[in-house]
Amino acid sequence: MAIEGRGEDLSGGRIRLGMVGGGQGAFIGAVHRLAARMDDHYSLVAGALSSQKKRAVASALELGIAKDRAYGSYEEMAAKESARPDGIEAVSIVTPNHMHFPVAKAFLKAGIHIICDKPLTNTTKEAKELVALTKKSKRIFAVTHNYSGYPMVRQARAMVAAGDLGKLRVVQVEYPQDWLTERLEASGHKQAKWRTDPKQSGAGGSIGDIGTHAHQLAGFVSGLTLESLCADLTAFVKGRKLDDNVNILLRYKGGAKGMLWASQVAPGNENALRLRVYGEKGGLEWSQENPNELWHAPYGEARRLITRAGNAADAAAARVTRVPPGHPEGYLEGFANLYSEVAAAIRAAREGKKPDAEVYFPTVEEGLSGVAFIEAAVRSSAKGATWVKL
């Protein structure tokens with residue numbers, strides 16, 4: 001059956017993908033393109049890859065996109081692609097944060113599925129509008145919290161859900177980096193410049209850039225809902241307009257407590273995302289820099305190591321595992337797993353069906369939760385690190 005508003009029968013073949021942002025000099029756009037290609041589910045056929053028309057067209061042509069589908073603006077792309085019988089089915093949004101909302105809104109109204117980088121938007125008002133538009137359009141909306149695509153993270157979530165840790169008590173998550181230890185944005189560094197600019201990044205600096213990943217990972221694995229928080233956001237680098245270090249106390253529904261630390265001024269740390277979850281019966285520990293390992297500590301017993309594709313790996317990990325034991329999988333594969341999960345949902349939608357229950361990707365609702373988390377943290381810190389409810 002044809003998807004409503006898309007013209008032809010699209011039940012087979014690769015998903016036609018477009019991209020907004022991610023042109024020359026960008027980092028995350030190339031990651032998304034690699035992830036989309038890894039499992040051969042997508043073909044990149046259109047793009048508005050820069051806010052500068054000349055660079056947008058040049059970037060698209062470099063990637064092999066046809067000239068008539070190398071657009072100078074996202075508005076033009078949404079209008080023209082939605083009118084084509086072979087128009088894009090989905091769009092990847094890999095722009096700076098402030099553009100996520102208008103771009104996603106335009107493509108939802110054009111009847112096109114969304115794959116959007118995090119955070120979803122810069123305000124909860126915008127995020128709520130996207131949630132409503134997604135429901136109205138009946139389109140798929142994924143937010144690329146890529147760490148939820150790692151096999152050992154899926155295993156950890158399954159073990160918590162199965163009760164292996166018992167009732168949860170403590171959740172500890174940290175995400176330190178060091179790349180903004182100096183005022184790199186003053187040198188003209190493209191990534192540093194927009195990520196530290198409130199007009200582009202929103203109200204949060206490190207809290208929005210990496211703190212949202214930590215928040216999402218903790219909630220995804222634990223299954224807990226954050227109820228309130230007490231946050232202290234700091235800009236240690238003189239002249240920086242947004243936070244570069246975050247310390248947060250967390251209270252979850254049901255009584256569990258937690259702590260979250262995110263920093264981009266922690267020398268010696270590259271991408272040290274780490275999660276620890278403890279319950280009445282045991283604990284789990286996972287580190288992004290050693291992503292193929294999950295430590296399980298049943299209370300009163302020796303800690304045991306579970307490896308990706310090893311003998312103790314379960315079905316949740318196996319369904320997002322590509323290669324045999326001992327062959328590492330990591331960042332790009334985690335991204336690719338989310339793209340493949342979204343592909344499964346889009347292919348099901350082509351036939352008017354829902355995907356299998358095992359298919360998971362962060363949704364627009366989870367994106368809203370992330371934006372609410374940022375706003376609550378900023379609000380708490382502005383009040384002198386007081387407790388605030390989400």
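Reader: What radius of gyration does the chain have, and what would a compact globule of 390 residues have?

Author: The chain has 21 Å, which agrees with the value near 21 Å for a compact globule with 390 residues. The radius is taken over C-alpha atoms, and the globule rule is 2.2 Å times the number of residues to the power 0.38.

Reader: What kind of model is this, and how are residues numbered?

Author: This is a predicted model in which local features need pLDDT of at least 70, side-chain atom pairs count only at pLDDT 80 or more, and totals for chains, interfaces and linings use all residues. Residues are numbered from 1 along each chain as its sequence is written, and side-chain values use heavy atoms, with hydrogens and water left out.

Reader: What does the C-alpha trace span along its principal axes?

Author: The span is about 65 × 50 × 40 Å.

Reader: How much of the chain is buried, and how much area is exposed?

Author: Of the 390 residues, 53% count as buried. Buried means under 20% relative accessible area, exposed means over 50%, and partly exposed is in between, with a 1.4 Å probe and protein chains only. The chain exposes about 16700 Å², of which carbon and sulfur atoms supply 53%. Those areas come from the Shrake-Rupley method with a 1.4 Å probe; for residues, only the protein chains shown count as cover.

Reader: How many helices and strands?

Author: The chain has 12 helices and 14 strands. Both are DSSP runs numbered from the N terminus: helices are H or I with at least four residues, strands are E with at least two.

Reader: What share of the contacts comes from residues 24 or more positions apart?

Author: Among contacts with a separation of 6 or more, 69% are between residues 24 or more positions apart. Contact means heavy atoms within 4.5 Å.

Reader: Helix packing next. How do helix 6 and helix 9 cross?

Author: The axes of helix 6 (residues 151-161) and helix 9 (residues 206-222) cross at roughly 45° and come within 7 Å. The axes are lines fitted to C-alpha atoms, for helices over the stretch in contact, and angles run from 0 to 180 degrees between N-to-C directions. The two helices are therefore oblique to each other. Under 35 degrees counts as roughly parallel, over 145 as roughly antiparallel, 65 to 115 as roughly perpendicular, and the rest as oblique.

Reader: Which residues meet there?

Author: From helix 6, Val153, Arg154, Ala156, Arg157 and Val160 meet Leu217, Phe220, Val221 and Ser222 of helix 9. By class, that contact has six nonpolar, one polar and two charged residues. Nonpolar covers Ala, Val, Leu, Ile, Met, Phe, Trp, Tyr, Cys and Pro; charged covers Asp, Glu, Lys and Arg; the others, Gly among them, are polar.

Reader: Histidine 213 is in helix 9 too. Buried or exposed?

Author: Histidine 213 counts as buried, at 6% relative accessibility. Leaving aside neighbours within four places in sequence, histidine 213 is in contact with Lys118, Thr144, His145, Asn146, Tyr147 and Tyr175.

Reader: What joins lysine 118 to proline 119?

Author: A cis peptide bond, with omega about -10°. Proline 119 lies in the loop between strand 4 (113-116) and helix 5 (124-137).

Reader: Backbone oddities: what is phi at lysine 138 and alanine 385?

Author: Phi of lysine 138 is near 60°, positive in a residue other than glycine. Lysine 138 lies in the loop between helix 5 and strand 5 (141-143), and is exposed with a relative accessible area of 72%. Alanine 385, also not a glycine, has a positive phi of about 65°. Alanine 385 sits in the loop between helix 12 (364-382) and strand 14 (387-389) and counts as partly exposed at 29% relative accessibility.

Reader: Back to helix 9's neighbours. What does leucine 275 touch?

Author: Beyond residues within four places in sequence, its contacts include Leu217, Ala218 and Val221, and also Val171 and Trp286. Leucine 275 is in strand 10 (residues 274-279) and is buried, with a relative accessible area of 4%. Leucine 275 and glutamate 174 are 101 residues apart in sequence and 6.7 Å apart in space, C-alpha to C-alpha.

Reader: And where is glycine 283?

Author: Glycine 283 is in strand 11 (residues 282-287) and counts as buried at 6% relative accessibility. From glycine 283 to valine 371 is 88 residues in sequence and 29 Å in space, C-alpha to C-alpha.
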